[in-house]
Amino acid sequence: MAEFLQDPRVKVEMLIRKPVQEVFEAIIDPEITSRFWFTHGTGRLEAGSHVQWHWAMYGATAEVNVKEIEVNKRILLDWGTSVEWTFTAQADNETFVTITDSGFQGSPDEKVKQALNSTEGFTIVLCGLKAYLEHGIRLNLVSDKAPYAHIS
């Protein structure tokens, strides 16, 4: 069986032309996040909290443990992998968002598949975040990604 010299680590990034406080709040407040990512969250992200994120169209739920939060700078989550969001103010109205995901489990092939899926998923999330915050547009990217997988 092949082994990695280094396990896969996902990194996706995007400039959002909004102040860092607004971008950060869009991720920790499920009322906002549900407009571009999941359909419902059980609570705000706070250090030490446990929340659930739901995607009703797919009948899917993620258990999310919030490990650390640095307001307007960083969010560290565990949802089976370690996901870190960083928020860097570029100017008064610009925020550079970086998401890293690591800790994939399974065989080397399974880890690669998970990393590719994560890259695709978090890229879609950042695109949806950008469209929503900058232009007020709900692109329905997550729902439209796999309409054949919707549950009745």
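Me: Which pattern of strands and helices does the protein chain follow along the sequence?
Reply: This is a predicted model. The chain holds four helices and seven strands. Read along the sequence, the pattern is β-α-α-β-β-β-β-β-β-α-α.

Me: In what order do the seven strands lie in the sheet?
Reply: The sheet is open, and its pairing is antiparallel. In general, strands of a sheet pair through backbone hydrogen bonds, either parallel or antiparallel. Here the order is E1-E7-E6-E5-E4-E3-E2.

Me: Which strands stand at the edges of that sheet?
Reply: An edge strand here has a single partner strand, so one side is left without a neighbour in the sheet. That holds for residues 10-16 and for residues 40-41. The edge strands are E1 and E2.

Me: Which residue in E7 is the bridge partner of Glu-13?
Reply: E1 pairs with strand E7, residues 94-102. The pairing is antiparallel and runs over seven bridges. The partner of Glu-13 in E7 is Thr-98.

Me: Is Thr-100 buried or exposed?
Reply: Thr-100 is found in strand E7. Leaving aside neighbours within four places in sequence, its contacts are Arg-9, Val-10, Lys-11, Ser-82, Val-83 and Glu-84. Buried means under 20% relative accessible area. Thr-100 has 11% relative accessibility, so it counts as buried.

Me: What separates the C-alpha atoms of Thr-81 and Gln-105?
Reply: Thr-81 is found in the loop between strand E5 (74-78) and strand E6 (82-91). Not counting residues up to four places away in sequence, Thr-81 touches Asp-101, Ser-102, Gly-103 and Phe-104. Gln-105 is 24 residues from Thr-81 along the chain. Their C-alpha separation is 8.3 Å.

Me: What relative accessibility does Thr-81 have?
Reply: Thr-81 is a loop residue, placed between E5 and E6. The cut-off for buried is under 20%. Thr-81 counts as buried because its relative accessibility is 11%.

Me: Which side chains of strand E3 point to one face and are buried?
Reply: Side chains alternate along E3, residues 50-55. His-50, Gln-52 and His-54 point to the other face and are not buried. The buried set is Val-51, Trp-53 and Trp-55.

Me: Which residue in E3 is the bridge partner of His-40?
Reply: E2 and E3 pair in the antiparallel sense. Two bridges join them. The partner of His-40 in E3 is His-54.

Me: Which residue in the turn between E3 and E4 has a positive phi?
Reply: E3 pairs antiparallel with strand E4, residues 60-70, over six bridges. One of the bridge pairs is His-50 with Asn-65. The two strands form a hairpin with four residues between them. The residue with a positive phi, about 65°, is Gly-59.

Me: What radius of gyration does the protein chain have?
Reply: The C-alpha atoms fill a box of roughly 50 × 40 × 25 Å along the principal axes. With 152 residues, a compact globule would have a radius of gyration near 15 Å. The chain agrees with that, at 16 Å.

Me: How far apart are the centres of the positive and negative side chains?
Reply: Accessible surface comes to about 8400 Å², and 50% of it belongs to carbon and sulfur atoms. The chain has 14 positive and 21 negative side chains. The centres of the two sets lie apart by 3 Å.

Conventions: Residues are numbered from 1 along each chain as its sequence is written. This is a predicted model: local features need pLDDT of at least 70, side-chain atom pairs count only at pLDDT 80 or more; totals for chains, interfaces and linings use all residues. Side-chain values use heavy atoms; hydrogens and water are left out. The radius of gyration is taken over C-alpha atoms; the globule rule is 2.2 Å times the number of residues to the power 0.38. Accessible areas come from the Shrake-Rupley method with a 1.4 Å probe; for residues, only the protein chains shown count as cover. Lys and Arg count as positive and Asp and Glu as negative; His and the chain ends are not counted. The place of a charge is taken as NZ of Lys, CZ of Arg, CG of Asp or CD of Glu. Two strands pair if DSSP finds at least two bridges between them. Buried means under 20% relative accessible area, exposed over 50%, partly exposed in between (1.4 Å probe, protein chains only). Contact means heavy atoms within 4.5 Å.
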